[in-house]
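Subject: Structure for you to look at

Hello,

Here is the structure we spoke about. Please open it first and then read the notes below.

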2 protein chains.
Amino acid sequence: MPTIKDVAKEAGVSIATVSRVVNNGPKVGDATRARVLQIMQDIGYRPNANARALVMQKEASLGVVIPELTDPFYASLASGVDTVARQHNMQLLLSTGLIEASTERAAIELLLQRRCDAMIVHSKFMSDDELTELAVATPGMVFINRYLPDIPERCIWLDNIAGGKLAARHLLVNGHTNLACITSDYSIDDPMLRLQGFKEELGEAGVSLREEAIEYGAPGQLGGELATQALLAKNIPFTGIFAYNDSMAAGVIKALHDAGLKVPQDVSVVGFDDVLLSRYVRPQLSTMRYPIERMAINAAELALSLVGGHPSELHSTNKYLPTLVKRESSSNASLS
Amino acid sequence: MPTIKDVAKEAGVSIATVSRVVNNGPKVGDATRARVLQIMQDIGYRPNANARALVMQKEASLGVVIPELTDPFYASLASGVDTVARQHNMQLLLSTGLIEASTERAAIELLLQRRCDAMIVHSKFMSDDELTELAVATPGMVFINRYLPDIPERCIWLDNIAGGKLAARHLLVNGHTNLACITSDYSIDDPMLRLQGFKEELGEAGVSLREEAIEYGAPGQLGGELATQALLAKNIPFTGIFAYNDSMAAGVIKALHDAGLKVPQDVSVVGFDDVLLSRYVRPQLSTMRYPIERMAINAAELALSLVGGHPSELHSTNKYLPTLVKRESSSNASLS
DNA sequence: TTGTATGCGTTATCAG
DNA sequence: CTGATAACGCATACAA
């Protein structure tokens with residue numbers, strides 16, 4: 001791979017001059033510039049981004065760490081960051097953190113070694129303290145889908161409680177009072193918060209959610225299916241189910257179907273996230289829309305403005321609200 | 001961010017010594033090593049990967065270019081590469097090429113500027129010539145889902161023709177002779193090849209596929225739905241449909257359902273790719289399994305071995321065969 | 001307008 | 001066992 005020296009030699013100028021034309025630097029003779037440009041073209045010169053980052057003390061890359069790539073939710077997140085990266089002509093540095101504190105740490109570490117200064121990280125397993133400490137040492141680090149009390153201005157998160165409330169309200173408004181919940185058994189706060197909001201809204205309406213009506217499972221289709229079977233086995237009456245996410249909701253629908261129950265005629269189900277899947281599943285899923293891609297874009301722009309020293313942009317608030325998307329899986333209880 | 005110098009000064013040794021302990025270099029006094037290690041820990045030293053790459057003339061990163069992140073098929077591809085990257089403790093450099101030659105080119109260019117030497121690229125819009133030229137200049141560049149005649153050893157691809165044949169055979173074996181095809185209108189070769197294989201196998205069995213029974217559309221659910229409606233409008237008889245991919249197949253099923261036709265009782269449908277979606281859709285999709293993640297892993301390992309100068313590994317062949325996954329959307333014609 | 005020289009953080013080659 | 005020192009490819013202050 002040719003270097004700046006090769007170009008300089010070939011053009012019979014100094015590397016300083018070549019450097020100037022590469023960077024559209026000031027005061028370069030038109031003739032010289034044209035010739036250098038031509039030669040760069042000819043020999044296929046590409047500026048070495050690493051060397052440049054080294055001397056300029058500035059990385060032209062945007063980092064993102066997510067648990068995994070194949071989950072559509074995280075894919076959307078990464079896609080949002082990628083959008084911003086492309087806009088700024090920056091390289092996307094992607095690291096997966098899986099579902100363990102140690103691998104999350106390694107993922108962040110890799111980015112840091114690259115001297116990546118702007119990065120948006122999705123971490124659910126490292127502690128508040130550790131994350132906060134990293135953040136103070138890295139001005140361009142912003143967290144998505146997580147709230148760190150000491151540095152809220154560096155976080156972009158969804159109001160899960162509000163989401164739970166909205167879901168409850170939707171079910172209540174449709175006349176459902178015998179409710180159940182299929183949630184995740186992961187020990188992160190999202191499931192807890194969504195459930196909390198769900199319960200609160202129910203409580204305000206004077207209806208309660210019995211503990212037996214809450215089933216836990218792995219946050220995927222199979223987990224949802226299994227949990228629903230367990231719920232059904234308890235033989236307690238319900239006409240509405242709030243699922244932790246769309247994948248679990250898909251499992252819920254399948255289990256219900258297998259048990260001879262119709263959705264939404266016999267039971268309404270509402271999911272969470274509004275990933276693509278919710279439109280493929282039959283009946284199409286009523287769900288809480290989680291604007292993750294938009295949030296990721298804003299997070300990336302926030303990170304960039306933080307390292308760029310730009311004024312604090314217009315980010316009025318970093319808390320986002322989910323919205324209800326009504327499709328086919330929920331309906332009025334009176335139809336039962 | 002502290003540098004090697006900071007560590008050296010703090011420890012009262014030379015940077016050479018620090019470098020040695022960082023790299024587990026030979027012959028460093030136990031006491032010295034321990035002290036240096038401790039100090040690195042204390043001040044939070046992280047070796048600068050850029051500087052290292054510069055001096056070692058070797059990048060510890062793995063590149064991948066795909067059209068986009070949110071398509072589950074490409075997400076699986078990227079995930080395979082990511083798996084290999086993590087195994088080797090390399091940073092994943094991800095660039096999206098969208099669906100245009102110019103952006104594909106830009107994506108590759110970005111990786112090259114990073115001096116990324118091992119990369120696996122999925123390109124459908126740049127020409128054979130341009131890609132081949134890039135490849136000869138970049139020993140660690142391997143192409144996935146594409147066949148370049150001049151450098152087959154640098155390509156990992158699926159036998160689309162065989163896939164079409166297998167799909168045809170499955171339908172034939174189940175007694176279907178009135179067939180239709182819903183394919184993609186993208187001007188890339190995959191749709192063409194799959195259709196070609198489909199036709200060939202049919203031909204060998206003495207059944208022909210009429211031109212009117214072939215409908216084209218965008219390779220997504222909506223495209224599949226619209227194309228199927230167009231097909232239905234023609235009022236030609238068929239009991240089996242071969243769809244270009246699973247998304248289109250999902251659209252096919254929806255359109256069929258809306259038209260009052262039952263799958264698979266009235267018509268069998270088989271998709272292609274076996275993405276997660278195929279298990280969510282009802283009825284579950286019979287489809288051709290495209291082992292894209294496995295292929296991506298092998299592609300990444302091939303790329304790594306190419307730059308590493310390792311012996312040419314065991315890659316007996318770079319051509320992969322799809323396999324039939326029979327689920328619920330296809331059945332025997334006699335059941336009609 | 002152009003060239004020279006210095007340094008960015010590392011590794012590696014030589015001497016001690 | 002350890003320390004100078006010369007690259008690596010590039011940007012830039014300072015000269016010319």
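**Where the two chains meet**

Across the interface of chain A and chain B there are 22 residue pairs in polar contact, both residues being at pLDDT 80 or more. A polar contact is a pair of N or O atoms within 3.5 Å; within protein, one must be able to donate a hydrogen and the other to accept it, and residues adjacent in sequence count only if both atoms are side-chain atoms. By class, the side of chain A that touches chain B has 24 nonpolar, 14 polar and 10 charged residues. Here Ala, Val, Leu, Ile, Met, Phe, Trp, Tyr, Cys and Pro count as nonpolar, Asp, Glu, Lys and Arg as charged, and the others, Gly among them, as polar.

This is a predicted model: local features need pLDDT of at least 70, side-chain atom pairs count only at pLDDT 80 or more, and totals for chains, interfaces and linings use all residues. Residues are numbered from 1 along each chain as its sequence is written, chains are lettered from A and ligands numbered from 1 in the order in which they are written, and side-chain values use heavy atoms, with hydrogens and water left out.

The same interface holds four salt bridges (a side-chain nitrogen of Lys or Arg within 4 Å of a carboxyl oxygen of Asp or Glu). One of them joins the side chains of Glu109(A) and Arg46(B), at 2.4 Å from N to O.

**DNA strand C**

Around DNA strand C there are 30 residues (near means that a heavy atom lies within 4 Å). Thr17(A), Arg20(A), Gly29(A), Thr32(A) and Ile4(B) come nearest. Of the strand's atoms within 4 Å of the protein, sugar and phosphate account for 62%. The side chain of Arg20(A) puts an N or O atom 2.3 Å from a base oxygen. Two residues approach phosphate oxygens of this strand: Gly29(A) with a polar backbone atom at 2.5 Å, and Lys5(B) with a polar side-chain atom at 3.2 Å.

**DNA strand D**

DNA strand D has 28 residues around it, and Ile4(A), Thr17(B), Arg20(B), Gly29(B) and Thr32(B) come nearest. Here sugar and phosphate make up 63% of the strand's atoms within 4 Å of the protein. Which residue has a polar side-chain atom 2.4 Å from a base oxygen of DNA strand D? That is Arg20(B). The side chain of Lys5(A) has an N or O atom 3.3 Å from a phosphate oxygen, and so does the side chain of Gln57(B), at 3.3 Å.

Regards
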